[in-house]
Amino acid sequence: MKVEMYKEPLWTKNFIILSIVNFFLTLIFFLLNATIAAYAINEFHASTSQAGLVAGIFIIGTLIGRLFIGRMINSTNPKKIIILGLSFYIVTALLYFADLGIGFLILSRLLNGFTFGIAATVIGTVVAITIPQHRKGEGISYFAISTALATGIGPFIGLFLSQRTSFQTIFSLCLILGIISLFTVLFIKISIENTRNNDNKPTRQGFKLSHFVEPKAIPISIIILTMALCFSSVLSYINIYASEIRLGSVASFFFVMYSAAVLVSRPFTGRLADRKGANYIMYPAFFLFGIGMILLGSTTNSGAFLLAGLIIGLGFGNISSIAQTIAITTASPERLGLATATFFIFFEMGAGFGPSLLGLFIPITGYPSLYKILGCVILATSALYYILHGKKESAKFKSLES
């Protein structure tokens, strides 16, 4: 029976196209996130706080977009939502070219984030729905490779281009990738019946938290919020830290090592999670992520610095994909859109607001101590994971084995 289950097709045309589009969108997000604050300062003489707002307001827009669309996915044709979302995303990307002051730039970032949240949530939901039930972990791990690679490659390209070309060129590249994404997504075919539950009933009027988020996905989303917050210290401050310890010349290769670790490990870890349970991957991943951060805070040479990138990739890279799998498998089919939105709302809150929060502690701790402290926080979070989900996962697999 298991052999038959694993013969169910995974690499369908829809899966490949949506993975590519997700890669482009995430690449744009991290590329701009690594450069937009500098653009605000250089072009509009923005203060540090204003530049931080320019970078962070995108996350607020994304959260609003995810909350807005999460409850609508099951009642509207997903392909139409993706096309509309990407179309408006392109329109809002054009606003970056307008030189109308810092206030307009902040508004542009908010609108761009809103459209990104809509498109990204629907794409993640459709992928989760179309992956065969018994290959969820494997499928999400493969799909999440597109996110993880963009997480590493995006900042690398952004920093590379910002040092060698104009911001207008960077905006042009983002616009082109958005247009390619829109054109590519036209070739997917989604049956609207596949995204609906036959027993769906109209949503009752009135405000309820469950209308906007999936309560069953909140426990694992709390874990990913904490992990994303810790990882945001790497995304935001690794270049400054590398320069401080005189390793600036190899800083960009940190993300190359991170991406390589993700690319190599994800296919195996997803399949193992399907067969042996999420705990089989999550606990080692917590350990690797924590040890990698402690090593990063202790490094004095390029070898240890790059090894930290590799270990962090094996840790956080797998935590993020397996946690996403857990989030969608806890929800009923008709609430997959809300579960996807919930997971990424928490993820982006950690990644988006983490740098500002952690920035308050850097003057006190310094970068080396900050990374060591966060490494300890990550190791401790494994206990919180056990309380919120791990013990349930163990009980489930024990009952299946018996």
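## Internal cavities and helix α2

In this predicted model, the second largest cavity holds about 150 Å³ of space. Its lining is made up of 17 residues, and those closest to its centre are Thr-147, Ala-148, Thr-151, Ser-320 and Phe-347. At least two lining residues of the second largest cavity come from each of α6, α8 (218-244), α9 (251-276), α11 (302-329) and α12.

The largest cavity encloses about 200 Å³. There, 15 residues form the lining, with Thr-26, Arg-66, Thr-147, Phe-344 and Glu-348 closest to the centre. Each of α2 (13-44), α5 (102-130), α6 (136-164) and α12 (336-359) contributes at least two residues to the lining of the largest cavity. Thr-147 is thus named among the closest residues for the largest cavity and for the second largest cavity. Counting cavities of 30 Å³ or more gives 4 in the model.

The classes of lining residues are set out below.

| Cavity | Nonpolar | Polar | Charged |
|---|---|---|---|
| Largest cavity | 8 residues | 5 residues | 2 residues |
| Second largest cavity | 11 residues | 5 residues | 1 residue |

Helix α2, which supplies at least two residues of the lining of the largest cavity, can also be considered by its length and course. How far apart are the end C-alpha atoms of α2? They lie 44 Å apart, which agrees with the 46 Å that the 32 residues of α2 should span at 1.5 Å a residue. Along its course α2 has a kink of about 40°, centred on Thr-35, and just after the helix His-45 adopts a positive phi of about 50°.

Note on methods
Residues are numbered from 1 along each chain as its sequence is written. This is a predicted model: local features need pLDDT of at least 70, side-chain atom pairs count only at pLDDT 80 or more; totals for chains, interfaces and linings use all residues. Side-chain values use heavy atoms; hydrogens and water are left out. On a 1 Å grid over the protein atoms alone, a cavity is a set of points where a 1.4 Å probe fits but cannot get out, and a pocket is an open set with protein on both sides within 12 Å along at least five of seven lines; lining residues have an atom within 4 Å of a point. Grid points are joined across faces, edges and corners, and a volume is the space filled by probe spheres set on the points. Helices (H or I, at least four residues) and strands (E, at least two) are DSSP runs, numbered from the N terminus. Ala, Val, Leu, Ile, Met, Phe, Trp, Tyr, Cys and Pro count as nonpolar, Asp, Glu, Lys and Arg as charged, and the others, Gly among them, as polar. The expected span of a helix is 1.5 Å times one less than its number of residues. The bend at a residue is the angle between axes fitted to the seven residues ending there and the seven starting there.
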